[in-house]
Amino acid sequence: YDKEVRGEQPLQVALNRLFLGNPGTGKTTVAQLYGRILRLLNLLSNGSVVLKQPGDFITGHEGGTEQSTLAILKNATGKVLVIDEAYVFNQSNYGKIAVDMIVSKVMGNPGEDIAVLMLGYEEPMLKMIRDQNPGLKRR
């Protein structure tokens, strides 16, 4: 706020986040609030939530995971893409392909019209972050 009052550019931040915790702790509810806030701040063009599971990305056949991941990302433009139980990506090569596609398409740069939230239990999520694409941690 102070920067804007002084006519300076506000601090730009990436919108992607990890929400860690047990079921029933309000992660999805907070994701919906997060989307509304980002929309009100004009950081997202829509702000609604697209709720997905890793199985929605993974097809199990050659080229299918890439296609479904791209389609999901395209549909989530302007919105908050919530991937619940995202640690499941760590359980197969197709999961790695989906994560690699997400990392390559969602750079985490300020001004991107998408926010990706990965939700899940703390320990398996942190393991996934360590084991998957090195760019995932930066985004």
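Against which elements do the buried residues of α4 pack? In this predicted model, the buried residues of that helix pack against β2 (49-52), α3 (54-57), β3 (80-83) and α5 (93-105). The report below describes the helix, one of its buried residues, the sheet, and two loop residues.

**Helix α4**

Helix α4 covers residues 64-75, twelve residues in total. From the first C-alpha to the last, α4 reaches 16 Å, close to the 16 Å expected at 1.5 Å a residue. Its buried residues are G64, T65, S68, T69, I72 and L73. They lie on the same side of α4, because they cover an arc of only 160° around the axis. An α-helix has 3.6 residues a turn, so residues three or four places apart point the same way. The exposed residues Q67 and K74 are carried by the face of α4 turned away from its buried side.

**Serine 68**

S68 is a residue of helix α4. With a relative accessible area of 16%, S68 is buried, because the cut-off for that class is under 20%. Once neighbours within four places in sequence are left aside, the residues in contact with S68 are D56, F57, I58 and T59. F57 belongs to the stretch 54-57 assigned to α3, an element against which the buried residues of α4 pack. Although S68 and F57 are eleven residues apart along the chain, a distance of 5.4 Å separates their C-alpha atoms. The side chain of S68 reaches two backbone oxygens, that of T65 at 3.2 Å and that of F57 at 2.4 Å. The distances for S68 are set out here.

| Atoms of S68 | Partner | Distance |
|---|---|---|
| Side chain of S68 | Backbone oxygen of T65 | 3.2 Å |
| Side chain of S68 | Backbone oxygen of F57 | 2.4 Å |
| C-alpha of S68 | C-alpha of F57 | 5.4 Å |

**The sheet**

Four strands form an open sheet in the order β1-β4-β3-β2, and their pairing is parallel. At the edges are β1 (17-20) and β2, each of which pairs on one side only. From one strand to the next, the twist averages 20°. Between β2 and β3, the parallel pairing extends over four bridges. One of the residues involved is V49, whose bridge partner in β3 is V80. Both β2 and β3 are also among the elements against which the buried residues of α4 pack.

**Loop residues with positive phi**

Where does N42 lie? N42 is located in the loop between α2 (27-40) and β2. Its phi is positive, at about 60°, although N42 is not a glycine. N42 counts as exposed because its relative accessibility of 59% is over the 50% cut-off.

E85, likewise a residue other than glycine, has a positive phi near 55°. The loop that holds E85 runs between β3 and α5. At 36% relative accessibility, E85 counts as partly exposed, because that value falls between the 20% and 50% cut-offs.

Key: Residues numbered from 1 in each chain as written. Predicted model: local features only at pLDDT ≥ 70, side-chain atom pairs only at ≥ 80, totals over all residues. Heavy atoms only, no water. Expected span 1.5 Å × (residues − 1). Buried < 20%, exposed > 50% of the residue type's maximum accessible area, 1.4 Å probe, protein only. Arc of directions from axis to C-beta. Contact = heavy atoms within 4.5 Å. Polar contact = N/O pair within 3.5 Å; in protein donor to acceptor, adjacent residues only side chain to side chain. Pairing = 2+ DSSP bridges. Axes fitted to C-alpha atoms, helices over the stretch in contact; angles between N-to-C directions.
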